[in-house]
Structure formats: C-alpha cells, structure tokens
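Subject: Structure for your review

Dear colleague,

Please find below the structure that I am handing over to you. I would be grateful if you could read the notes beneath it with the structure open.

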Amino acid sequence: MSNHSFTQEQKLLFNKLINFKPESVQCYQENSFMFIGVDSTTASSDFQIRVISDSLADKGVIPAIGKINLVFKGHPFADFNHEIIDAHKMQEMDSKIPFETLIMAEILPQKIGGMESSLYFSLPENYKIEYIVFEGTADDIEKNALAQIILHFNVITPQQIFFLTSSGNLFTCSI
C-alpha cells in the first residue's frame with residue numbers, strides 16, 4: 001500500500017497538466033463512493049450496471065452503499081463508460097487519468113469498490129474498499145489468482161468479495 005502524496009505545488013501542476021478542476025467532481029464529500037470499472041475483456045457494461053444496481057438496492061447481495069454521491073472511474077480502453085455513467089446518473093472521473101495519480105493527488109473519495117483490478121493494491125490504508133466483484137461463481141475463487149493475492153495480503157476480507165455469473169446471478173464468497 002502506498003503512502004506517497006503530491007505536495008500542494010505538485011497537485012496544482014498535476015491539475016493544470018490534465019486540465020482537471022477538482023471542484024467539478026465532488027469526490028471529497030464524506031458520502032461519496034467511487035465505482036471502479038473495467039473494459040469489455042473483463043466485464044460488459046450490462047454486467048457492471050447490474051453490480052452497481054445491486055449495491056444500491058436495500059436488499060441486494062452486495063451490502064447496500066446507501067444514498068450516496070456516485071463517481072465512476074472507467075477503464076481507459078472501455079468504449080461503454082458513458083453507458084454505465086448514464087444508467088446510474090453518476091459523476092465521471094476521466095478514465096484517461098491513471099488511478100495511482102488520483103491517489104497521489106488525493107482526489108478520491110474514502111469509499112471505493114467495483115470490478116476486479118490490481119489497482120486496489122495501490123490504495124493507502126485510510127481508504128475503505130467496500131467490495132470487489134469478480135466474474136464467475138464463488139467456486140472459482142480458488143482458481144482466481146488476483147482474488148487469492150488480495151486475500152493473502154489482507155487487502156480485503158472474503159466478506160467483501162462477490163461473484164457475478166454471466167447469467168446475472170450474484171454470489172457471496174464461500175470461504
């Protein structure tokens with residue numbers, strides 16, 4: 001886990017270089033949640049829309065994140081990011097900005113979750129990973145190297161891992 005942050009001068013330069021106006025995205029609010037999206041090689045837009053819908057539901061498989069300011073950080077190579085954003089009326093964090101620089105610039109909400117990705121290793125300890133969703137079934141956890149590594153290094157607990165099948169069924173982790 002990283003503990004490096006930009007200095008104030010570096011933050012200003014970073015924002016200028018990428019033409020980012022921090023006030024345009026309300027990530028700093030306590031009640032914000034950032035969903036981490038992936039490209040089509042990992043999951044379809046429908047798949048990701050279904051995951052977000054479940055986490056917003058009062059009685060979904062994924063524990064409800066509640067009434068919250070939703071921010072979407074899509075994958076830079078996904079051609080369907082706006083479809084997901086529009087489905088849930090989410091704010092957009094530019095997908096072309098590397099996630100790790102958002103950490104260093106301290107432009108992330110404290111609550112994060114979403115699709116499987118190695119970027120969760122980059123998060124400092126003061127961020128809370130609400131959940132990570134993997135494609136497949138709970139029986140696939142033993143075969144999923146990323147899930148095994150994330151669990152081994154205590155990035156998250158088994159209770160924070162969920163699986164979504166191609167038929168749209170959500171399952172909790174069985175270990």
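The notes that follow concern one helix, a charged patch and two loop residues.

Please bear in mind that this is a predicted model.

I begin with helix α1, which spans residues 8-17. Its buried residues are Lys11, Phe14 and Asn15. They lie on the same side of α1, because the arc they cover around the axis is only 95°. This can be set beside the general geometry: an α-helix has 3.6 residues a turn, so residues three or four places apart point the same way. On the face of α1 turned away from the buried side are Glu9, Leu12, Lys16 and Leu17, which are exposed.

The surface also holds a patch of negative charge, formed by Asp46, Asp79, Glu83 and Asp86. Of these, Asp79 belongs to the loop that links β2 (69-73) with α3 (81-88). Asp79 counts as exposed because its relative accessibility is 73%, where the cut-off for exposed is over 50%.

Two backbone angles also deserve your attention. Most residues other than glycine have a negative phi. Lys89, in the loop between α3 and β3 (91-93), nevertheless has a positive phi near 50°. Lys89 is exposed, with a relative accessible area of 75%. Asn154, which is not a glycine either, has a positive phi of about 55°. Asn154 sits in the loop between α5 (145-152) and β6 (161-164), and at 64% relative accessibility it counts as exposed.

With kind regards

Notes:
Residues are numbered from 1 along each chain as its sequence is written. This is a predicted model: local features need pLDDT of at least 70, side-chain atom pairs count only at pLDDT 80 or more; totals for chains, interfaces and linings use all residues. Side-chain values use heavy atoms; hydrogens and water are left out. Patches are made of residues with over 30% relative accessible area and no salt bridge: like charges are joined within 9 Å, nonpolar side chains (Val, Leu, Ile, Met, Phe, Trp, Tyr) within 5 Å. Accessible areas come from the Shrake-Rupley method with a 1.4 Å probe; for residues, only the protein chains shown count as cover. A salt bridge is a side-chain nitrogen of Lys or Arg within 4 Å of a carboxyl oxygen of Asp or Glu. Lys and Arg count as positive and Asp and Glu as negative; His and the chain ends are not counted. The place of a charge is taken as NZ of Lys, CZ of Arg, CG of Asp or CD of Glu. Helices (H or I, at least four residues) and strands (E, at least two) are DSSP runs, numbered from the N terminus. Buried means under 20% relative accessible area, exposed over 50%, partly exposed in between (1.4 Å probe, protein chains only). The arc is that of the directions from the helix axis to the C-beta atoms.
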